[in-house]
Structures are given as structure tokens and as C-alpha cells.
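Visitor: I would like to go through this model and ask, for each label, what it rests on.
Guide: Then let us look at it together.

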Amino acid sequence: MFSSVSSSLLWRGLLAVAIGVVSVAWPNVTVGAIVILFAVYAFVAGAAAAARAFAGRSAGPVVGYLLLALLDVVAGIAALAWPGITALVLTIWIAAWAFVSGVIEVAMAFRHGEHAGERAMWALTGLVSIALGIVLAIRPDIGAVSLATVFGLFSIVYGISTLVLSAQLRQPGSAPQQLADPVS
């Protein structure tokens, strides 16, 4: 299914658009799902850390891994017990992620050898990401429901730009295709 970069980008773009549509249509469900997914992740990470504690031959790292496991389980319980605070913290984390990834995407727009359309696509995607990060950092209290809606719109724009890049990769001789297959 992911035999080529263009196929991978195609599926990634389709998934981003689908997630975006669901987030815009049902923001409350999206926020609840994000908090629950975080809690599940914390519980799984805790179980993995506990398993690693007893997987080694020496007793040295046992205490450290057990403390990590305990911390992960406490984080999962806290996420389920206080979903509002969890949503606020995740909002701030997403703001940082969006800002940093946006800066990187804008920087990629100015790489040597990019065509104007490719630069515009990288710059547009990066600027949307930076804007999302700034808005969420300035007003994390706008609510997780608003975040779900904004995240949905961001996902739709990001997904469409990824689909465009996937289509460009399928064109022989295009710059993105040459970057993906430098051997030919």
C-alpha cells in the first residue's frame, strides 16, 4: 500500500482530510477522543515501562522503569479524572507543535531549486500552521471545542496540500518526483 512516496502521501492526505471533516462536524466528540487516546497512550506506555523493568538481567534499571510506569499510569488516570485540564495542556502542546512544524515548513519553501508553486504550497501550509500555533498559545482558554474545529480546518488544508504534492510526485520529471527518486 505504501510502496512509493506518492502513495504514502496520498493516504496521509486522505486521512488528514477525513480527520479534519470529522473534527469540524463533531468537535465535542473529537476533544473527548483526544483525551481518551492520550489516556490510553499513557496506560500502554506505563505497561511497556513496567514490562521493561523486569525484562533485563540486572536489577539496576528496575526502579527507574517502575517509576516511569507509575508516572504514566498516574498521567492516564489524571487525564480521565480531569479531562478539562488535560484538554488545556494538550492545547498548549499542540500550539507548540504547530508553531515549530510551521516554521520548518516555511523554511522548506526557501530551499534552493524549488518551483514557485511548490514554494507557495510549503509557505501556505507553514503559515497556516504557525497561525494555529500562535492563536492557541495566545488564547489556550478558547476551549478545546474551538481547538477541535480549528484543528479540523488545519487538517483539511494540510491534507489537501499533501494530496497536491502526491499528485505532483506522480508526474514524471516534476521537481517533487525528482526529489523523491534521486537515483533516476
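Visitor: How much space lies in the largest cavity?
Guide: The largest cavity holds about 50 Å³ of space. Bear in mind that this is a predicted model.

Visitor: What makes it count as a cavity and not a pocket?
Guide: A cavity is a set of points where a 1.4 Å probe fits but cannot get out, whereas a pocket is an open set. A search of the whole structure finds one cavity of 30 Å³ or more.

Visitor: Which residues line the largest cavity?
Guide: The lining consists of Val31, Ile34, Val35, Ala87, Leu90, Thr91, Ala144 and Leu147. At least two lining residues come from each of α2 (27–53), α4 and α6.

Visitor: Why is Thr91 called buried?
Guide: Buried means under 20% relative accessible area. Thr91 has a relative accessible area of 1%, so Thr91 is buried.

Visitor: Where is Thr91 found, and what is Thr91 in contact with beyond its neighbours within four places in sequence?
Guide: Thr91 is part of helix α4. Its contacts outside that range are Leu136, Pro140 and Leu147. Leu147 also appears in the lining of the largest cavity, as does Thr91.

Visitor: What is the volume of the second largest pocket, and which residues line it?
Guide: The second largest pocket has a volume of about 170 Å³. Its lining is made up of Arg12, Leu15, Ala16, Ile19, Trp97, Phe151, Phe154, Ser155 and Tyr158. Both α1 (5–25) and α6 (144–169) supply at least two residues of that lining.

Visitor: Which residues make the nonpolar surface patch?
Guide: Phe99, Val100, Val103, Ile104, Ile134 and Ile138 make a nonpolar surface patch of about 530 Å². Two or more of the patch residues come from each of α4 (83–109) and α5 (116–138). The most is given by α4, with four residues.

Visitor: Why is Ile104 called partly exposed?
Guide: Buried means under 20% and exposed over 50%, with partly exposed in between. The relative accessible area of Ile104 is 47%, so Ile104 is partly exposed. A patch residue needs over 30% relative accessible area, and the 47% of Ile104 therefore passes that cut-off. Ile104 sits in helix α4.

Visitor: Why is Val73 called partly exposed?
Guide: Val73 has a relative accessible area of 30%, which lies between 20% and 50%, so Val73 is partly exposed. Val73 belongs to helix α3 (residues 62–81).

Visitor: How do you know that Val73 is in contact with Ala42?
Guide: Contact means heavy atoms within 4.5 Å. Leaving aside neighbours within four places in sequence, Val73 is in contact with Ala42 and Phe43. The C-alpha atoms of Val73 and Ala42 are separated by 6.1 Å, although these residues are 31 apart along the chain. The contact refers to heavy atoms, so the C-alpha separation of 6.1 Å does not contradict it.

Visitor: How many helices and strands does the protein chain have?
Guide: There are seven helices and zero strands. From the N terminus on, the order is α-α-α-α-α-α-α.

Visitor: What values describe the protein chain as a whole?
Guide: Of its 184 residues, 31% are buried. Among contacts between residues at least 6 apart in sequence, 69% join residues at least 24 apart. The accessible surface comes to about 11,000 Å², and 76% of that belongs to carbon and sulfur atoms.

How values were computed
Residues numbered from 1 in each chain as written. Predicted model: local features only at pLDDT ≥ 70, side-chain atom pairs only at ≥ 80, totals over all residues. Heavy atoms only, no water. Patch = residues over 30% accessible without salt bridge, like charges linked within 9 Å, V, L, I, M, F, W, Y side chains within 5 Å. Areas by Shrake-Rupley, 256 points an atom, 1.4 Å probe, with all protein chains shown as cover. Salt bridge = Lys/Arg side-chain N within 4 Å of Asp/Glu carboxyl O. Buried < 20%, exposed > 50% of the residue type's maximum accessible area, 1.4 Å probe, protein only. 1 Å grid on protein atoms, 1.4 Å probe; cavity = no way out; pocket = protein on both sides within 12 Å on 5 of 7 lines; lining within 4 Å. Points joined across faces, edges and corners; volume = space filled by probe spheres on them.
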